[in-house]
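Biologist: I would like a close look at a single part of this chain, set in the context of the rest. Please take it slowly and keep to what the coordinates support.

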Amino acid sequence: MIFGRGRFPAAVGTFEAAVQAQDADAAERAFARLTQTVSKAADADLRAAGPRLSALLGQVPPGPRAVVAVLIGACVERGADPLACAPAVLASSLDAFEQAAVFCERWTAAGRGELPGREGEGLEEADFERIGFEPVTAWEALPQFEMACVAMLNSLQVRREAPGREELAAAVARVAELSDEPFKCLAYALAVLDDEPLIALDRATGAGFALRASGIGDNFQLHTLLADALIGPGLVEGQAPSTEAVACCRDQPGMVPTTGSFNLVGADGEWIWNEGKPADIPVVDGVRLVVLDPPAYQRNWPAGRFFPGMTGELVYDHTLAPEESAALLARVAEPIR
């Protein structure tokens, strides 16, 4: 049965009351109505529902909790206050990843072999007794929590102010280590830098440039924005990306083809691969430093945002004094091929 738009606020209220009353049967029925009606909900109803569901999230049983977190993410994407919604989603996600680490450890200790799939493939009834209901449920729910967290972390305000980001990053890394699953979207979202100083050195000319980066998800996006910031105004030579490619890397939807303008190298001489993220770029004197070399070969990729809901920005600040650039360049290793 498909419910109309007006049913969603009622479903939220019913679910809220049932969870607060710890009425499991009523909560299960209300949860079904909640998931059935959300697709028809008006933006105003979703804006109002986000903080209410977030305030309730810690009381929701482990089974449906991840789905409710995803619903909160949908509310944020439709206009709910992300800072009001994020703390509960991040806290529940932290708990889920910590429980999932317990699952991985107990699964291995029990000699159960390869970790099971998310839909229960490879699980046995005895595993719920052997490992525990919450660790098993958490393991199965990680993709939903990852999706919900990214919806929160699209917000600059959340990335700057919401608590628990470092703890969640550590928990994600622990599960990734135990499971060999990278959880790349969440790991990258937690590592996004904002108002981050960046220095680019053009090895050919010795010129250096100070910039600031925010909301850039990966180095494909950084590479395109860096080429626009430096080649576009004529600060360095090279092939500038198109206006459309730059717009897609900032705040416009979609992706358009582009060609690499540089070979990016760290101060340690290691190549900075486009598949990596800005947070991995080595730091020199407290600032991430990128050396610009000519492309070793032609690289083409679809330019756009790694996180489609996150605004990316790279702003040119100033050109370094020649002696400052020379001092930095003297500390840079030759590229390692």
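Biologist: In which hand of crossing, left-handed or right-handed, does H2 pass H4? Please build the answer around H4, and then follow the chain outward from there.

Modeller: The crossing in which H2 passes H4 is left-handed, and I should say at once that this is a predicted model, so that each value below is computed from predicted coordinates. The two helices pack at an angle of about 30°, and their axes lie 11 Å apart. On the H2 side the meeting is made by Phe31, Leu34 and Thr35, and on the H4 side by Pro64, Val67, Val68 and Leu71. Sorted by class, this contact of H2 with H4 contains six nonpolar residues and one polar residue, with no charged residue.

H4 itself runs over residues 62–77, and its 16 residues span 23 Å from the first C-alpha to the last, which is close to the 22 Å expected at 1.5 Å a residue. The buried residues of this helix are Arg65, Ala66, Val68, Ala69, Leu71, Ile72, Gly73, Cys75 and Val76. Two of the residues that meet H2, Val68 and Leu71, are therefore also on the buried list, where the cut-off is a relative accessible area under 20%. In reading such a list it helps to recall that an α-helix has 3.6 residues a turn, so residues three or four places apart point the same way. The cover over the buried residues of H4 does not come from H2 (24–37) alone, for it also includes helix H1 (7–20), helix H3 (43–56), helix H5 (82–109) and helix H7 (133–153).

Beyond the end of H4 the chain comes to glycine 79, which follows the helix and has a positive phi, near 120°. Aspartate 81 is then found in the loop that lies between H4 and H5. With a relative accessible area of 38%, aspartate 81 is partly exposed, because this value falls between the 20% and 50% cut-offs. The side chain of aspartate 81 reaches forward to the backbone nitrogen of leucine 83, at 3.1 Å. In space, aspartate 81 also lies 7.4 Å from glycine 50, C-alpha to C-alpha, although 31 residues separate the two in sequence.

Further along, the loop between H5 and helix H6 (125–131) holds glycine 122. Setting aside neighbours within four places in sequence, glycine 122 is in contact with Trp107, Arg112, Pro116 and Asp127. Of these, arginine 112 is ten residues from glycine 122 in sequence, and their C-alpha atoms are 9.2 Å apart.

The loop that follows H7, before helix H8 (156–161), is the place of asparagine 154. Asparagine 154 has a relative accessible area of 16% and is buried, because the value is under 20%. Not counting residues up to four places away in sequence, asparagine 154 touches Arg159, Phe307, Gly309 and Met310. Proline 278, by comparison, is 124 residues from asparagine 154 in sequence and 16 Å from it in space, C-alpha to C-alpha.

Proline 278 appears again in the surroundings of asparagine 219, a residue of helix H11 (residues 219–231). Apart from neighbours within four places in sequence, the contacts of asparagine 219 are Ile272, Trp273, Asn274, Gly276, Lys277, Pro278 and Ile281. Asparagine 219 counts as buried, at 2% relative accessibility.

Two aspartates elsewhere in the chain deserve a careful look at the backbone. Aspartate 195, in the loop between helix H10 (184–190) and strand S1 (196–202), has a positive phi of about 50° although it is not a glycine. Aspartate 285, in the loop between strand S5 (283–284) and strand S6 (287–293), likewise has a positive phi, near 55°, without being a glycine. As to accessibility, aspartate 195 counts as partly exposed at 42%, whereas aspartate 285 is exposed, with a relative accessible area of 59%.

For the setting of all this, the chain has 13 helices and eight strands, and its C-alpha atoms fill a box of roughly 70 × 50 × 30 Å along the principal axes. Of the 337 residues in the chain, 48% are buried. Among contacts between residues at least 6 apart in sequence, 74% join residues at least 24 apart.

Key
Residues numbered from 1 in each chain as written. Predicted model: local features only at pLDDT ≥ 70, side-chain atom pairs only at ≥ 80, totals over all residues. Heavy atoms only, no water. Helix = DSSP H or I, 4+ residues; strand = E, 2+ residues; numbered from the N terminus. Expected span 1.5 Å × (residues − 1). Buried < 20%, exposed > 50% of the residue type's maximum accessible area, 1.4 Å probe, protein only. Contact = heavy atoms within 4.5 Å. Polar contact = N/O pair within 3.5 Å; in protein donor to acceptor, adjacent residues only side chain to side chain. Axes fitted to C-alpha atoms, helices over the stretch in contact; angles between N-to-C directions. Left-handed = near helix turned anticlockwise from the far one by under 90°. Nonpolar A, V, L, I, M, F, W, Y, C, P; charged D, E, K, R; others polar.
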